Structures are given as C-alpha cells and as structure tokens.
Amino acid sequence: MTDHTNAANKNTQALLKRSTPKKVMAGALFATVLASSGCATSSLLDDNGHVTTNTTKQILSEDQIVAFGRPAQVLPKMPNASMVIVGEKNSYVLTQGGTEMVNLLSNLSQKNIQVDNDMSFHVPSNNGYFQGKMKLSYAKLKDEFKRSDYQFFLQNNGKECTSESDQRINAQRFCFSVPVRGAIYPQVSNLGLIQSSYRALTKPYTVSFYTETQQDVVTRSGPNGAQKLVLLPFALAFDVVTFPLQLLD
C-alpha cells in the first residue's frame, strides 16, 4: 500500500510542475483517489443514504394448510390441474407435479410419510403463478421393506436419505423432491364443509410465497413498502374434493 501511495505522490509532483492551477487541482484529486483505492473499496453514496445492489427476498403471504385435494370440476385454462393445496386464505392449484404428489401420497403408507414443513414457493412476477418443490420422506424398519417398495422408489426418483437416528433403530428412509408449478386461486367455496367433515391434519403445516428481485436499494430508516400476493387474474372460487388420506404423522 505504501509503494502504491508513493507512486501516486510522485505522479502528482510531476503533474504540478507542468500544469495550470485548474489542472493541478484536478490532478491532485485524481491522484488521491488512486492512492486510496488500493486500500479500501469505495461505496456509492447519494444525498438520501447508502446505495448498494443486492437481491431481496420478500414474503408475500403465509397460509395454514387445511387439506390436500383435487378440483371438483375442470378449471378454465387449467386442464392439467391435478392437485390442490387447500389453505385457509387461498387455494393453490398444482399444474405441474400434482400427479407425482398424488401418486406418492396414494401409494405410500400414510403413517410412514413425513412432509417437509418448509413449503416455500417462489412467485417470480407476483402474477398469480408460483413454482418450487414439495419434499417428503418415507421411512420404516428395514425388515418391513419389500422388493416392490424398492421398485416403487426407483420408478419415482426416491433417494436414500437414512439418518443416524434411523440407523439406531435399524430403519431406512427414502426422500422425494417433486418440482411443482401452479396458480393461486381464491379460497375454495366449500371450505366450511371441508373443515367440518375432514379430520384436521395431525400437525400444523404452513405454506409461504415469496418474490425475489435484484435492484439498487437505498438504506433509509423507516419501514419498507409491503407487497401483496396477487391471485390469478379472473380466477373464481371452486369446490374441491379432498383425498381419502390423512397427513401426516
């Protein structure tokens, strides 16, 4: 750093000998910047605060899951809708990955399934469409597995994820990660009927939605402006038929 500074000072002295007063002032300022740039990274400042470019993640909405089901009727412009996450606030219709999730939840023993509590989905443009992954695991004692079980895991991209805790009781675990896409609809129209007739989930599950942007952020005091989760444009409430299964232990 000292050599760098000395070199900058010599350049300044040479410039002083052959420059006009205005050029001397400009050259000295430039040399000072050169000398200091080797010691620290400069920051961009303005009159309003400190400006940096970073990626921000903002939670748009959180909802409590009531049930898992499927639309009672074909939804307009959503012919591939195969599964619905029924929430207290909204309905989350899966257009991709729903078939895989139904297959897993319908063919695996419910008492051995665990769903990842962190169901967090990305809403890139906050236009009613979301994407992400649904994760679950299936575990039981090794001597309870059959050849058909392992065949099912192979066909459905199950990966062994046995933990130390599983090993201590001679159990084996397989994990599934299903990419999903979907659309956000209003609360289902038969929510009250579902809540009264469908046994509550054995543990609370929360689904959250977030947006992520990269932008210049000016650090100021005070609260940031909050965004709201946007529903699919022109979406209407619909009835849902719940799956004949109960999640989850």
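# Contacts, cores and links in a predicted model

Visitor: Leaving aside its neighbours within four places in sequence, which residues is Met134 in contact with?
Guide: The model is predicted. With sequence neighbours within four places left out, the contacts of Met134 include Phe68, Ile85, Leu94, Met101, Met119 and Phe121. The rest of the list for Met134 is Phe176, Ser177, Val178 and Val180.

Visitor: Which residues are in the second, separate core?
Guide: This core is separate and has 17 residues. Among its members are Val66, Val93, Tyr185 and Leu232.

Visitor: In the largest nonpolar core, which residues touch the most other members?
Guide: The largest nonpolar core has 33 residues. Met134 belongs to the group with the most contacts to other members. Listed in full, that group is Leu108, Phe121, Met134, Leu136 and Phe209.

Visitor: Which strand gives the most to this core?
Guide: The top contribution is 5 residues. They come from the strand spanning residues 171-186, which is strand 9.

Visitor: How many helices and strands are there, and what percentage of the protein chain is buried?
Guide: The protein chain has 6 helices and 11 strands. Of its 249 residues, the buried share is 38%.

Visitor: Among contacts with a separation of 6 or more, what percentage comes from residues 24 or more positions apart?
Guide: The count here takes in contacts in the protein chain at a separation of 6 or more. Pairs 24 or more positions apart account for a share of 76%.

Visitor: What percentage of the exposed area do carbon and sulfur atoms supply?
Guide: The area exposed by the protein chain is about 15500 Å². The part of it supplied by carbon and sulfur atoms is 51%.

Visitor: Which side of helix 3 do its buried residues take, the same or opposite, and over what arc?
Guide: Helix 3 covers residues 98-107, and its buried residues include Gly98, Met101, Leu104 and Leu105. They lie on the same side of helix 3 because the arc they cover around the axis is only 130°.

Visitor: Which elements are included in what covers the buried residues of helix 3?
Guide: The cover includes strand 3 (83-87), strand 4 (90-96) and strand 5 (113-115). It also includes strand 7 (129-141), strand 9 and helix 4 (147-155).

Visitor: Phe152 lies in helix 4; which residues does Phe152 touch, not counting those up to four places away in sequence?
Guide: Phe152 has a relative accessible area of 14%, under the 20% limit, and therefore counts as buried. The C-alpha atoms of Phe152 and Asn107 are separated by 9.0 Å, although the two residues are 45 residues apart along the chain. With residues up to four places away set aside, Phe152 touches Asn103, Leu104, Asn107 and Leu108.

Visitor: Which residues does the disulfide join?
Guide: The count comes to 1 disulfide. Its S to S distance is 2.0 Å, and the rule asks for sulfur atoms within 2.5 Å. The link is right-handed, with 90° about the S-S bond. It joins Cys161 to Cys175.

Visitor: Where in the chain are Cys161 and Cys175, and how many residues apart?
Guide: Cys161 is partly exposed at a relative accessible area of 24%, and Cys175 is partly exposed at 29%. Cys161 is in the loop between strand 8 (159-160) and helix 5 (164-168), while Cys175 is in strand 9. The pair links distant parts of the chain, and the separation is 14 residues.

Visitor: Which residue forms a salt bridge with Arg173?
Guide: Side chains of opposite charge can pair when their charged atoms come close. Arg173 counts as buried at 15% relative accessibility, and its partner counts as buried at 6%. The closest N and O atoms are 2.9 Å apart, and the partner is Asp166.

Visitor: Which residue forms a salt bridge with Lys140?
Guide: The count comes to 2 salt bridges. In the one with Lys140, the closest N and O atoms are 3.4 Å apart, and the rule asks for within 4 Å. Both residues are buried. The partner of Lys140 is Asp149.

Visitor: What distance separates the C-alpha atoms of Ile169 and Lys140?
Guide: Ile169 is in the loop between helix 5 and strand 9 and counts as exposed at 54% relative accessibility. Ile169 and Lys140 are 29 residues apart along the chain, and their C-alpha atoms are separated by 9.6 Å.

Visitor: Is His122 buried or exposed?
Guide: His122 is in strand 6 (residues 119-122). Leaving aside neighbours within four places, His122 is in contact with Tyr129, Phe130, Gln131, Tyr210, Thr211 and Glu212. At 16% relative accessibility, His122 counts as buried.

Conventions:
Residues are numbered from 1 along each chain as its sequence is written. This is a predicted model: local features need pLDDT of at least 70, side-chain atom pairs count only at pLDDT 80 or more; totals for chains, interfaces and linings use all residues. Side-chain values use heavy atoms; hydrogens and water are left out. Helices (H or I, at least four residues) and strands (E, at least two) are DSSP runs, numbered from the N terminus. Buried means under 20% relative accessible area, exposed over 50%, partly exposed in between (1.4 Å probe, protein chains only). Contact means heavy atoms within 4.5 Å. Accessible areas come from the Shrake-Rupley method with a 1.4 Å probe; for residues, only the protein chains shown count as cover. A nonpolar core is a set of buried Ala, Val, Leu, Ile, Met, Phe, Trp, Tyr and Cys residues joined through side-chain atoms within 4.5 Å. The arc is that of the directions from the helix axis to the C-beta atoms. A salt bridge is a side-chain nitrogen of Lys or Arg within 4 Å of a carboxyl oxygen of Asp or Glu.
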